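Colleague: Pick one part of this model and walk me through it slowly, please. I'm new to this, so explain the terms as you go.

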Amino acid sequence: CPYSSKGEEEGLGMGGCASKPAAAAPGDGASKASTAEQVGGAEGQEKKAVKEPFVVRVMSTEAVGQGVGSFQSRTYSGPLPEWLPKAVSDHEAGLRRLGINSKEVMRMLRDELWGSFKVPMRLITYGEFIFLKSIPRSGSGTTKPISEIPPECTIVLVSFPWIRPGEHPDDDKGTMHSLICSAVEKLAAQRGWDLSTVVLWVDFCCIEQGSEEGRVKGLESMRAFITVADAAIIPSAHVPGESDARYVHLLPGGCGDDGWTRLVAMGMVASGMMRQLEPAELWVAAGEGASFLERYGCLMGELPSEGVLPHPDDKARVRQHEEAFVKGMKAAMQSNGYVASHQGAARCVAITPPGGEFVVSAGDDGVISMVRRDVGSVHRTFVGHVGGVICLAMSRDGKRMASAGMDRTVRVWDVEGGREAMPPITEHSEDNKACTCKHGAGENGDEYVEDEDCPVAGHSDYVRCLCFSPDGSLFASCSDDRSVKVYSVNTGEERGALKGHSRDNPSCSCRFFPSGARQEVDRECPVEGHGDCVTCVSWSASGASVASASRDTTVRVWDYARSGAVKGTLIGHQGEVSSVAWSPVHEDVIVSGGADGTVRL
Ligand SMILES: [Zn+2]
Ligand SMILES: [Zn+2]
């Protein structure tokens, strides 16, 4: 189905499997550059110290308008710059167009920040930090107030338990300093940050250590500092094992027990919620040269409020911060109904059976996000797909999830473990070494003929829809390659395929015209499957049959379990059939919806 443009899809709606995702690379949607551009007058800002620091947030609304709100935001503190009123009014116009209550969002953010910026945030540039070869003291004059940091800078918060509280946080060899540097450089390479624009917030050098009063003010500002950070790195003295869960509070060696470290983790999740962003990046670094560097999660419900804190007063401060974060998160959810965000469109959503505890969503960014429905915190993300995820399905017991999309692979996940339960079911492609099909045929050189004995079980084009069988042992998938397939949930083994009329199906005797052109199905062709992309699948209540909807305007009923043949073709739709569902009790009742705007029973 070579759609030439995204526009062709308009009018088909967002839901279900019908819309073709824009073939954009993940991350295209919201870039820092555009954020900086919107507030481009920032250089003109005066850099005088002010008596009472104020903070204003300016948000750009890239990647919004595709069903999910998503903001890029930056914080400025210092005197009110001249460009600001216009930027705010432009921004508000953007929000109005999108139906978002900007006053609500702005008030929330302002209260959040004004209420907790007890002392201006001071940062150290990475260039200076690495040059010092050791973590400097706050009194060494190496930090700059945030008002002097250009808006395009990436702010990285570094949070770790001190080796000896009250003394220097590092050992004599500077192990912590060198680990921080390695982690920052490795992460910068991975995330595409320009190292010359990275600034760090590290407590020993960025919070006043000399006076008790200064230290307390710094601690009381922690919430604000966390809220403006782009990412957090937690240097850990111990390398987590392969089997360790990837959550901050489970970090080995006591790092995850530290009250401040856990507050940072929680704060990053919460501020992500409040800013309508995917929770900010939380990374754990450990080992020589940060050989271990992984993105970690934070389980809000399981994170106790009181970690290990040397000073008893700090417990109250951590508690206060946590309460404020939770309050802000709840307000953010109530005012915007926001749960998760994707870069690009969110393509498929589900609420997990059996208890409905989590909301699962998949999007064009290739990420599957699992969010706690009560507080809105990200429980975990499932990363593995390359390219947009178009569909996902949960097994009835909630233990398995299947996902698929633009990378043509089908993946089955162990929901509890957060990992893939088996190797992915891969595509037929020239690049797939296991595939024995004949590739390179046709005038475009991209066509192929399927080898009946090819061991590859996957599809050869976008996978559109997935559905578990009622007993949970099998799942069906369908694809733009015109086929419907059935797999075992436990092994991924292909248990059946309803192949369509297509060039790559050796059984098909239809004639095909050069690329893109539609063709009629030949009357003599023995193939029973679809003549165009298959958009949706549904199992019958007994699990004996699978119904599939297609762009070929039909619904086919495949007697999967008994004869393996198509036992009926339902016609009537005047155009693509984009959705199909089988009655949960009646074996002879199917409903379908199509691009013609009709729903047929
Ligand atoms: Zn193959
Ligand atoms: Zn055919």
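Modeller: Let's begin with His428, which counts as buried because its relative accessibility is 3% and buried means under 20% relative accessible area (exposed is over 50%, partly exposed in between, with a 1.4 Å probe and protein chains only). Before going on, keep in mind that this is a predicted model, where local features need pLDDT of at least 70, side-chain atom pairs count only at pLDDT 80 or more, and totals for chains, interfaces and linings use all residues. Residues are numbered from 1 along each chain as its sequence is written, chains are lettered from A and ligands numbered from 1 in the order in which they are written, and side-chain values use heavy atoms, with hydrogens and water left out.

So what does His428 do in this picture? Its ND1 atom is one of the protein donors of the zinc ion (ligand 1), alongside the SG atoms of Cys435, Cys437 and Cys454, and these donors lie 2.0 to 2.4 Å from the ion. A donor here is an N, O or S atom within 2.8 Å of the metal (3.2 Å for Na, K and Ca), and water is not among the atoms, so sites may look incomplete. The angles among the four donor atoms run from 101 to 119 degrees, and the site is tetrahedral; that word is used for four donors if all angles lie between 85 and 135 degrees. Along the sequence, the donor residues follow the spacing H-x6-C-x1-C-x16-C. Cys437 is buried too, since its relative accessible area is just 7%.

Now look a little further along the chain at Gly440. This glycine sits in strand E18, residues 438-441. (Strands, E, are DSSP runs of at least two residues, helices, H or I, of at least four, and both are numbered from the N terminus.) With a relative accessible area of 39%, Gly440 is partly exposed. From Gly440 to Glu430 is 8.2 Å in space, C-alpha to C-alpha, and 10 residues in sequence.

There is another zinc ion to put beside this one, ligand 2. Its protein donors are His501 through ND1, and Cys508, Cys510 and Cys525 through SG, at 2.0 to 2.3 Å from the ion. The four donor atoms make angles of 100 to 129 degrees, and this site is tetrahedral. The spacing of its donor residues reads H-x6-C-x1-C-x14-C. Cys508 and Cys525 both lie in the loop between strand E23 (494-498) and strand E24 (534-539), so this pair ties together parts that are 17 residues apart in sequence. Both of those cysteines are buried.

Next come the cavities. A cavity is a set of points on a 1 Å grid, over the protein atoms alone, where a 1.4 Å probe fits but cannot get out, and a lining residue has an atom within 4 Å of a point. The structure has three cavities of 30 Å³ or more. The largest has a volume of about 80 Å³, where volume is the space filled by probe spheres set on the points, and grid points are joined across faces, edges and corners. Of its 14 lining residues, the closest to the centre are Glu450, Asp481, Ser483, Lys499 and Asp504. Sorted by class, the lining has one nonpolar, seven polar and six charged residues. In that sorting, Ala, Val, Leu, Ile, Met, Phe, Trp, Tyr, Cys and Pro are nonpolar, Asp, Glu, Lys and Arg are charged, and the others, Gly among them, are polar.

How does this sit in the whole chain? The secondary structure comes to 10 helices and 30 strands, and buried residues make up 55% of the 601 residues. Contact means heavy atoms within 4.5 Å. Of the contacts with a separation of 6 or more, 57% are between residues 24 or more positions apart.

Finally, some backbone details elsewhere. Most residues other than glycine have a negative phi, and most peptide bonds are trans. Against that, the bond from Pro353 to Pro354 is cis, with omega near 0 degrees. Pro354 lies in the loop between strand E10 (346-351) and strand E11 (358-363). Arg408 has a positive phi, near 70 degrees, and its place is the loop between strand E15 (400-405) and strand E16 (410-414). Arg408 is partly exposed because its relative accessible area is 27%.

Methods: 1 Å grid on protein atoms, 1.4 Å probe; cavity = no way out; pocket = protein on both sides within 12 Å on 5 of 7 lines; lining within 4 Å. Tetrahedral: all angles 85-135°; square planar, octahedral: opposite > 155°, others 65-115°.
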